[in-house]
Amino acid sequence: MQRRARFAAVPVALIVAAVTIAIVAASGSTATKVGTGSDAAGKCGLGNGKKASGAPIKLGGIGMLIPGVDFTTIGKVAKAYFDCVNDNGGIRGRPIRYTLYTEQLNPAQEAALARKLIGSDRVVGIVGNTSFAECGTNWKYYKSKGYVVIGAGVQAECYSTPSFAEVNSGPRYSNVGAAQALVKAGIKKLAIASPDTLSAYADGGPAKVAIAAGIPVKIFPTHLPVTDATSQLLQMYQFAGDGGGILIDFTPDTAPAFMKAAIDNNLVSKVKWGSSTPIANTFMSSQFSPAFDGHLWIDNEFSNVDPKVGPDSALMFQILSKYAPKIAPQAFAQMGFLVGKFAVNALLSIKGPITARSYNAAVVALKNQKSDILCKPFYVGKLPFHIPNNTNIIVDYKNKDVVVRTGCTNFAPVDRAIAQTRAFERKFKLNTG
């Protein structure tokens with residue numbers, strides 16, 4: 001069931017002062033204290049306020065950190081969630097010990113870290129991985145060892161192999177959602193830009209959306225870090241023309257260069273601007289509102305970043321404030337929160353000894369995992385691939401906040417995998433209720 005009522009078109013307030021602000025559509029709970037909420041979705045693990053002790057349960061993850069992109073935020077927030085669980089009873093009294101390794105987009109390094117986690121560190125589960133390339137490097141290894149990663153995906157193998165169950169939609173499908181919205185808004189041409197390391201995958205979906213609507217499209221692969229955003233943006237505008245669409249697919253490390261160039265060259269009101277999820281937060285809107293107000297169609301893979309949305313959202317703000325105060329409330333924080341939540345739910349479902357075999361079996365058994373941060377429940381299942389987050393909202397900036405343009409909307413099935421995913425969901429009742 002889609003949760004349209006939770007995504008009301010209301011602004012996101014800058015609530016936590018202590019937090020450092022670092023194809024066409026196919027279709028308020030109150031906050032509770034950390035660990036003491038009456039709603040199971042609004043507490044960490046057992047929520048009993050007792051510090052866990054005893055033999056730790058080992059989990060680990062791999063996050064990419066390169067110039068222009070920092071994906072380690074996701075693993076850091078997952079760790080913050082686990083720290084909160086450890087302060088609230090742990091996993092039936094046992095604490096979680098989470099190790100996060102950093103990689104620099106190096107396949108040899110990615111492979112070595114995966115083998116270190118499983119072979120040397122002997123983690124029972126891999127959690128929080130996010131990278132431009134790690135899924136492609138390690139999915140066969142994870143499969144051979146019986147591991148299913150709960151993480152946040154970027155490249156194709158994160159969504160086309162059995163080894164990953166990602167809480168996010170990833171750039172391809174987030175771009176699809178943005179392109180659907182731009183087409184519906186009446187664009188005549190579409191220019192798309194993503195990092196060149198994933199452009200072929202990330203940009204292929206929105207290109208299909210435009211082509212299906214009879215709209216010319218041009219892709220601009222972008223090397224990171226960006227050194228001349230203005231020149232590229234002018235080329236994109238030259239193609240899209242007045243009233244056209246420009247879709248940018250970058251994190252808050254890179255997107256500002258293009259948005260500042262648009263302001264400096266008086267291009268903001270001349271085109272319609274689409275984006276993937278990472279800029280859907282008040283950290284970005286505080287910089288680019290009111291200049292971009294009313295001009296953005298951002299696909300948001302999660303609920304608006306607002307503690308009033310529901311108990312999970314409120315808990316995320318509280319966990320960030322207490323356990324990760326340097327991390328801003330944003331989509332990457334939502335990803336890390338969900339990764340932590342679902343890994344803990346899997347651990348708590350285990351009846352006997354917690355081993356790599358029992359943990360990963362519990363991950364596969366996850367279904368109908370509800371959260372006010374998601375349009376539809378998360379699931380894993382014994383499937384050949386996983387795309388559980390396939391329904392998003394569209395947001396814009398207003399008065400330095402983020403507001404909802406369109407509620408939960410299914411991605412158009414531009415890929416056969418989306419149609420197959422929804423068939424899996426119906427057949428196995430993976431996200432009902």
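Author: A salt bridge is a side-chain nitrogen of Lys or Arg within 4 Å of a carboxyl oxygen of Asp or Glu, and the structure holds 9 salt bridges. This is a predicted model, in which local features need pLDDT of at least 70 and side-chain atom pairs count only at pLDDT 80 or more, while totals for chains, interfaces and linings use all residues. Residues are numbered from 1 along each chain as its sequence is written, and side-chain values use heavy atoms, with hydrogens and water left out.

Reader: What makes aspartate 83 and lysine 79 a salt bridge?

Author: The closest N and O atoms of aspartate 83 and lysine 79 are 3.0 Å apart, and the cut-off is within 4 Å, so the pair is called a salt bridge. The two residues are 4 apart in helix 1 (residues 72-86), which separates them by about one helical turn; helices here are DSSP runs of H or I with at least four residues, strands are runs of E with at least two, and both are numbered from the N terminus.

Reader: Why is aspartate 306 called buried, and lysine 308 partly exposed?

Author: Buried means under 20% relative accessible area, exposed over 50%, and partly exposed in between, with a 1.4 Å probe and protein chains only. Aspartate 306 has 3% relative accessibility and therefore counts as buried, whereas lysine 308, at 46%, counts as partly exposed. Their side chains meet in a salt bridge, 3.2 Å from N to O.

Reader: How do you know that cysteine 135 and cysteine 158 form a disulfide?

Author: A disulfide is a pair of cysteine sulfur atoms within 2.5 Å, and the sulfur atoms of cysteine 135 and cysteine 158 are 2.1 Å apart, so the pair meets the definition. The torsion about their S-S bond is about 100 degrees, so the disulfide is right-handed. Cysteine 135 lies in helix 3 (residues 134-145) and cysteine 158 in helix 4 (residues 157-160), 23 residues apart.

Reader: Which hand has the link of cysteine 375 and cysteine 408?

Author: With -90 degrees about the S-S bond, the link of cysteine 375 and cysteine 408 is left-handed. Cysteine 375 lies in the loop between helix 13 and strand 12 and cysteine 408 in strand 13 (residues 401-410), so the disulfide ties together parts that are 33 residues apart in sequence.

Reader: Why does the span of helix 12 agree with what is expected?

Author: The expected span is 1.5 Å times one less than the number of residues; for the 18 residues of helix 12 (residues 331-348) this gives 26 Å, and the end C-alpha atoms are 26 Å apart, which agrees.
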